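Visitor: Please take one part of this model and go through it closely, residue by residue where that helps. I would also like to see how its surroundings are built.

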Amino acid sequence: MNRELKVHNNLTRKKEVFKTVEPGKVKFYSCGPTTYDFAHVGNGRSFVVADLFHRVLKSAGYQVTFVRNYTDVDDKIINRAHELNRDPIEHAALFVKECEKDMDFLGMLHPTFTPKVSESMPEIIEMISDIIKNNHAYVVNGEVFFDVVSFKEYGKLSKKDLESLQHGIRVEVDDKKRHASDFVLWKPAKPGEPSWDSPWGKGRPGWHIECSAMAKKFLGKTLDLHHGGVDLMFPHHENEIAQSEAANNCPFCHSWAHNEFLNFGSEKMSKSLGNVIKIRDFVEKYHGQILRHVYLSVHYRARLEWSEEVIHRAIDEVKKIHEFAQEVEAYKVNSSSQDDKDLGSYLEKMWDEILNDFNSAGAMGHFFSFMRHVKGKKDQLSLNSYNKVLETIAFVKNTLGLISTDPSGVLRKLEQLEKDTSHLSVEADWIEKLIQERVVAKSQKNWARADEIRKELTAKKILLKDHPDGTTSWSVETN
Ligand SMILES: [Zn+2]
């Protein structure tokens with residue numbers, strides 16, 4: 001049975017009960033990356049939010065067809081490939097592969113289809129032809145423009161009107177356009193650029209038409225849910241709506257969801273500001289699970305401020321969650337225990353939060369309460385209660401993806417991180433030697449020397465933990 005989901009729809013600017021054209025089936029499209037370089041942590045937020053939607057829809061009982069494209073034909077790709085003396089399509093293919101690796105690091109489920117622009121040319125050309133046939137586009141010397149004035153509903157998503165757009169935005173002077181907001185559907189290729197034959201001559205598509213055509217190819221004329229970063233709402237998504245509805249004469253998509261930015265201080269992350277962190281670099285230093293946790297620790301429509309503090313909190317929480325999941329696996333059922341009646345309420349609250357416009361942060365808040373409730377109940381749970389615990393953990397793993405499919409791999413990486421002394425002026429060998437010396441001092445009841453060693457290490461930000469079995473472990477203070 002499908003659970004009722006509410007989604008904030010930017011077309012109406014309201015939170016609405018999510019309805020699909022075909023009952024039980026969702027057609028979902030998310031705008032994917034332009035693959036000219038490694039993806040950065042700002043891109044990653046959009047990837048993971050789409051993955052959250054995908055997982056939640058599936059868990060809620062829908063049959064989901066999820067399409068996320070790769071833009072592999074684009075000015076940025078062509079420029080970068082020319083700098084490197086490479087073929088642009090091959091250059092883009094290389095970074096599609098790298099991007100797929102990053103998405104695996106982020107624990108993402110694979111979409112149903114991941115089309116590339118270079119492989120969708122017949123559909124793109126067909127759609128442009130339909131738009132021209134329906135009198136919503138015009139051709140000037142091998143260039144095709146969308147005629148925004150002909151599309152009466154232009155601006156319905158971004159809530160902009162053509163009048164203010166005409167005066168309000170700075171656009172390059174282009175005599176070929178009838179209106180400043182008219183946008184390119186097809187442009188003639190320059191020498192050395194990838195190009196395809198078309199009724200308007202050799203050329204390549206504009207950016208916006210790609211998504212309209214790929215969405216139609218795999219999902220049909222009308223979608224249920226469309227997602228992207230909030231920066232794509234205008235003009236990209238506005239233009240997608242105009243193109244698709246002008247070509248198909250029916251609504252393009254019923255529900256539009258946009259995730260907010262990832263902010264660096266007060267600045268949005270951008271290559272020009274030089275504050276770009278690649279997903280790959282973050283994953284190598286920390287772990288993809290940490291980054292995923294950072295993204296989902298706030299609601300997707302809230303701004304996320306990037307800081308050391310946010311990363312350290314994520315490290316802490318990821319560790320607690322994964323240790324808890326491992327610990328619970330070893331619990332033994334107690335057949336003489338009564339069922340814990342309160343235990344099921346946590347999962348219900350988590351469902352309520354996630355079905356309320358995908359509130360991952362709210363759902364995790366209840367999971368932390370749940371962990372506190374269960375901790376210390378080792379070997380005391382009845383079979384029913386133990387199964388409820390496993391079900392709740394499975395929700396975090398499958399519906400949120402906030403427990404890794406490889407929990408011991410995550411914990412191993414975190415342990416390495418705790419022992420990472422590269423930013424300190426000390427070596428692990430030196431620490432181990434002092435710990436050994438302290439063990440000997442303690443065995444000789446030389447408490448003064450044992451204490452002195454602890455202080456010496458604390459001064460270097462090394463924290464010691466004595467265990468009941470007489471061993472001592474250490475970690476690097478993280479703040
Ligand atoms: Zn798009």
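Guide: Helices and strands here are DSSP runs, a helix being H or I over at least four residues and a strand E over at least two, and both are numbered from the N terminus. The model is a predicted one. The part to look at is the loop that holds Ser-150, which lies between β6 and α5 (162–168).

The side chain of Ser-150 has two listed partners. With the side chain of His-136 it makes a polar contact of 2.7 Å. The Ser-150 side chain also reaches the backbone oxygen of Asp-147, at 2.7 Å. If neighbours within four places in sequence are set aside, Ser-150 is in contact with Asn-135 and His-136.

Next come the strands on the N-terminal side of this loop. Strand β5 (residues 137–140) is joined to β6 by four bridges, and the two run antiparallel. Within that pairing, Tyr-138 has Phe-145 of β6 as its bridge partner. β5 and β6 form a hairpin with two residues between them, and Asn-141 in the turn has a positive phi of about 45 degrees.

Strand β6 is covered on both faces: Glu-143 and Phe-145 on one side, and Val-144 and Phe-146 on the other, are all buried. β6 (residues 143–146) also runs antiparallel to β7 (residues 183–188), to which three bridges join it. Two of the residues named on β6 have their partners in β7: Val-144 is bridged to Trp-186, and Phe-146 to Phe-183. From β7 the pairing continues to strand β8 (residues 203–205), again antiparallel and again through three bridges. Trp-186 takes part here too, standing opposite Pro-205 in β8.

Elsewhere in the chain there is a sheet with parallel pairing, open and made of four strands in the order β4-β3-β9-β10. Its edge strands are β4 (63–68) and β10 (253–259), each of which pairs on one side only. From one strand to the next the twist averages 20 degrees. Six bridges hold β3 and β4 in their parallel pairing, and in that pairing Tyr-29 stands opposite Val-67 in β4. Helix α1 packs on this sheet and touches β3, β4, β9 (223–229) and β10, its direction making about 155 degrees with that of β9.

The zinc site takes one donor residue from the loop that follows β3. The ion is coordinated by Cys-31 (SG), Cys-211 (SG), His-236 (NE2) and Glu-240 (OE), at 2.1 to 2.4 Å. Cys-31 sits in the loop between β3 (25–30) and α1 (41–59), while Glu-240 belongs to helix α7 (residues 233–248); the pair lies 209 residues apart and links distant parts of the chain. The spacing of the donor residues in sequence is C-x179-C-x24-H-x3-E. Why is the arrangement around the zinc ion irregular? The angles subtended by the four donor atoms run from 77 to 130 degrees, and a tetrahedral assignment would require all of them to lie between 85 and 135 degrees, so the arrangement counts as irregular. Two of the donor residues can be placed by accessibility, for which buried means under 20% relative accessible area. Cys-31, at 8%, therefore counts as buried, and Glu-240, at 0%, is buried as well.

Methods: Residues are numbered from 1 along each chain as its sequence is written. This is a predicted model: local features need pLDDT of at least 70, side-chain atom pairs count only at pLDDT 80 or more; totals for chains, interfaces and linings use all residues. Side-chain values use heavy atoms; hydrogens and water are left out. Donors are N, O and S atoms within 2.8 Å of the metal (3.2 Å for Na, K and Ca); water is not among the atoms, so sites may look incomplete. Four donors count as tetrahedral if all angles lie between 85 and 135 degrees; four count as square planar and six as octahedral if opposite donors are over 155 degrees apart and all others between 65 and 115; anything else is irregular. Buried means under 20% relative accessible area, exposed over 50%, partly exposed in between (1.4 Å probe, protein chains only). Two strands pair if DSSP finds at least two bridges between them. Axes are lines fitted to C-alpha atoms, for helices over the stretch in contact, and angles run from 0 to 180 degrees between N-to-C directions. Contact means heavy atoms within 4.5 Å. A polar contact is a pair of N or O atoms within 3.5 Å; within protein, one must be able to donate a hydrogen and the other to accept it, and residues adjacent in sequence count only if both atoms are side-chain atoms.
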